[in-house]
Amino acid sequence: MASIRIVLISLLIMSNPSLADKPLYFGVVPQQSAEKLAKQWIPLLQAISKEIGQEVRFTTKSSIPLFEKELSKGSYDITYMNPYHYTVFSQSNGYTAIAKAKDKKIQGVIVVKKDSGISTIQELDGNKLAFPSPDAFAASILSQGFLVQNNINIEPVYVRSHDSVYLNIAQGNFVAGGGIYRTLNAMQTEVSGNLTVLWESQGYTPHAIAVAPHISNDVVDRIQRAITNLDNTHPELLAPLKIKGFEQAKDSDWDDVRQLFSQE
């Protein structure tokens, strides 16, 4: 229900008779709560709406699996999706990447509570660990892949979002869990300050901003220009995302992720 309320609020905030009649729906992967995502993204999407002359509406789902279902149906006109999702839905649903975070790679991390006494990854063997969802690329896939390769047996428990992973570890409900630096650094300090990174993966091409195949080339060009120019026009709107800016992207940028799965 929270995500529904956020979308309804965004519709009211974004209403502007000067914009084109048909809105574009921008789906954001729910790494964090709907309320937090709305605060981060709605001001940015308002700026993009004004720039392109067409309303862009924020939308998300209450969990990553539900978000995946919407991607599989091609529900979003524009979407911010994780690298693994992009490799899947670019092929199955024709989403095309137009932008990615500038000067950034995504890394999976495994975090523990600072006072846990855990100092080696081997100490996680035999424990339950918290993860956002099975298909969270860096937080789940990379982290669990590393554990399997090193014969560290854990029981994954999926808790819906990155924020929930960090909160559960800070509260002592799990000894460790998977996340990424961006969402960890975006947590309130009373939570993140009690956590420490035990392990990090190598870096991969980060999340994609992608457009659906039915969006015209003219609109795609306008969206891409608006997004990649945000660090010049509205740098203050990027700060809550912990992103310096966006740069133009092409489909082959995610070949490093595709290669990872082709080796399985």
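Let me start with a term we need straight away: a helix here is a DSSP run of at least four residues, numbered from the N terminus. Keep in mind, everyone, that what you have in front of you is a predicted model.

Let's begin with the empty space inside. Rolling a probe the size of a water molecule over the atoms shows where empty space is left. A search of the whole structure turns up two cavities of 30 Å³ or more.

The largest cavity holds about 60 Å³ of space. Which helix gives the most to its lining? That is α5, residues 137–149, with three residues. If you want to find the place on your screen, look for lining residues including V29, I64, N82, F137, H162 and H207. Sorted by class, this lining has eight nonpolar residues, four polar ones and no charged ones.

Now to the second largest cavity, with a volume of about 50 Å³. Its lining is made of A47, I48, E51, A226, N229, L230, T233 and H234. Two elements give two or more residues each to that lining, namely α2 (34–52) and α10 (230–233). Of the elements, α2 gives the most, with three residues. By class, we have four nonpolar, three polar and one charged residue here.

Next, the pockets. The largest pocket has a volume of about 260 Å³. There are 12 residues in its lining, and L142, G145, F146, Q149 and L260 lie nearest the centre. The elements giving two or more residues are α5 and α12 (255–262). You have met α5 already, as the helix that gives the most to the largest cavity; in the largest pocket, α5 again has the largest share, with five residues. The classes come out as seven nonpolar, four polar and one charged.

The second largest pocket is about 180 Å³ in volume. Among its lining residues are Y80, K104, K105, Y181, R182 and P206. I106, I180 and H207 also belong to this pocket lining, and those three names appear in the lining of the largest cavity too. This pocket's lining divides into six nonpolar, two polar and three charged residues.

Let's move on to charges. Side chains of opposite charge can pair when their charged atoms come close. How many salt bridges does the count give? The count comes to nine, and I'd like to show you a few.

Take K100 and E247, whose closest N and O atoms are 2.5 Å apart. This pair links distant parts of the chain, with K100 in strand β4 (residues 96–101) and E247 in strand β11 (residues 246–248), 147 residues apart. Is K100 buried or exposed? K100 has a relative accessible area of 13%, so it falls under the 20% limit and counts as buried. E247, at 25%, is partly exposed.

Then there is K73 with E70, a salt bridge of 3.2 Å from N to O. K73 is exposed at 58% relative accessible area, while E70 is buried at 16%.

D218 and R222 form another salt bridge, again with 3.2 Å between the closest N and O atoms. Why are these two about one helical turn apart? Because they sit four residues apart in helix α9, residues 217–228. D218 is partly exposed at 49%, and R222 is partly exposed at 21%.

Last on my list, D251, D255 and R258 are linked in a network of salt bridges. Thanks for listening!

Technical notes: Residues numbered from 1 in each chain as written. Predicted model: local features only at pLDDT ≥ 70, side-chain atom pairs only at ≥ 80, totals over all residues. Heavy atoms only, no water. 1 Å grid on protein atoms, 1.4 Å probe; cavity = no way out; pocket = protein on both sides within 12 Å on 5 of 7 lines; lining within 4 Å. Points joined across faces, edges and corners; volume = space filled by probe spheres on them. Nonpolar A, V, L, I, M, F, W, Y, C, P; charged D, E, K, R; others polar. Salt bridge = Lys/Arg side-chain N within 4 Å of Asp/Glu carboxyl O. Buried < 20%, exposed > 50% of the residue type's maximum accessible area, 1.4 Å probe, protein only.
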